[in-house]
Amino acid sequence: MKGDPVPMGDHVTRHCRYTDLLIKDGQLIGVTEAAFRPRRDENDGLSVNWADFFVGNTYHKVECIRSVTKLVAKSSHKIAFLRVGALIAAASPYGNLTVIQDPDDRLPPHANAAHALVRPISDLGNLIVRERLASLVQVADLHSFQ
Amino acid sequence: MTVNEELKDKLVRADLPPEIRASLRLSLDILLTAYDEDEDPGKATPNVQSFSNLLEFLSHPYIRLWVSPGIAVNPEGLFVAVWEEPRTHRWILNFAPTGEIGEVYLRTDQDGRIHDRTRKSKLGDPIYPFFSVANR
């Protein structure tokens, strides 16, 4: 339900663009703090999708996330998975992040029952918090839109 | 000369070991391709001076012995270099066009607890790594 916390053991995903990607030897190896910078329209919280809202294996969940993504995706863009408990623990020395359910109840194509928010947005203004979150994302946690 | 051409030209002319140059070339190609396809009207152009500063840093007599870093271009167009041992050490260096280098180091314990340190330095300063970066 809107406003309820996303369970600590569940995963959320973040849409990562070219400025968020870390590349070594021409290969994607992770993301940078930029992936967790609040974007222009993110005033209420960092926009993520609740991956475990969907059932099935990771492949199926990635397919579901693709189907509810509203941002324009490019071939270089990635979907980064993070465990909610790890995200909260990583930021804890500097803030008190929470991840809450925030389903978009508008009519399709805007509807997204899996939408969630990472709050408060002010904690994500801290470079160290964002660097800590970026360090959690390993290459296996990154999935393509195509 | 376009910015992409200028960046590649800087790389060709940099005083770097061939392995590092090749690694950076591959990574730069990926980043510039992704930059070109991004339609965000507010996107920042990759900063040539920031890239030059990164190359100068990597040409240092002992830093040139290290394995190649991961690189990124941040939303301001500045180049970022990262050396890491996944889930253990991560050393992030942000290269400003002015020559300042912003550093963040993260060490992750086996229980997942993360410790951090920050440092500011300048191009040309003796910079010691926060962890033992492997040689090539």
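**Close-up 1. In this predicted model, the side chain of Arg130(A) meets the backbone of Gly125(A).** A polar atom of the Arg130(A) side chain sits 3.3 Å from the backbone oxygen of Gly125(A). Look next at Leu124(A): its backbone oxygen is 2.9 Å from a polar atom of the Arg130(A) side chain. Arg130(A) itself belongs to helix α3 of chain A, which spans residues 127-136. With a relative accessible area of 9%, Arg130(A) is buried. Setting aside neighbours within four places in sequence, the contacts of Arg130(A) are Glu33(A), Phe36(A), Arg37(A), Leu124(A) and Gly125(A).

**Close-up 2. Chain B and chain A share an interface that buries about 2800 Å².** On the chain B side, 34 residues take part in contacts, and they meet 29 residues of chain A. Carbon and sulfur atoms give 53% of the buried area. Three residues are worth picking out here: Glu37(B), Arg90(B) and Ile114(B) supply 20% of the area that chain B buries against chain A, more than any other three residues.

**Close-up 3. A salt bridge joins Arg132(A) to Asp116(B).** The two side chains come together with an N to O distance of 2.8 Å. Four salt bridges are found across the interface of chain B and chain A. Polar contacts also link the two chains, with 13 residue pairs found, both residues at pLDDT 80 or more.

**Close-up 4. Helix α2(B) gives the most to the side of chain B that touches chain A.** Its share is eight residues. Several elements of chain B each supply at least two residues to this side: α2 (18-37), together with the strands β1 (70-73), β2 (79-85), β3 (89-95), β4 (100-108) and β5 (114-122). Sorted by class, the side of chain B that touches chain A has 18 nonpolar, seven polar and nine charged residues.

**Close-up 5. Cys16(A) and Cys64(A) are buried cysteines without a disulfide.** Why is there no bond at Cys16(A)? The closest cysteine sulfur, in Cys64(A), is 19 Å from the sulfur of Cys16(A), so the gap is too far for a bond. For a disulfide, the sulfur atoms would have to be within 2.5 Å. Cys64(A) is likewise in no disulfide, its nearest cysteine sulfur being that of Cys16(A). Over all chains, the disulfide count is zero. As for surroundings, Cys16(A) has 0% relative accessibility and counts as buried, while Cys64(A) is buried with a relative accessible area of 13%.

Notes: Residues numbered from 1 in each chain as written. Chains lettered and ligands numbered in written order. Predicted model: local features only at pLDDT ≥ 70, side-chain atom pairs only at ≥ 80, totals over all residues. Heavy atoms only, no water. Buried < 20%, exposed > 50% of the residue type's maximum accessible area, 1.4 Å probe, protein only. Contact = heavy atoms within 4.5 Å. Buried area = accessible area lost by both parts, 1.4 Å probe. Polar contact = N/O pair within 3.5 Å; in protein donor to acceptor, adjacent residues only side chain to side chain. Helix = DSSP H or I, 4+ residues; strand = E, 2+ residues; numbered from the N terminus. Nonpolar A, V, L, I, M, F, W, Y, C, P; charged D, E, K, R; others polar.
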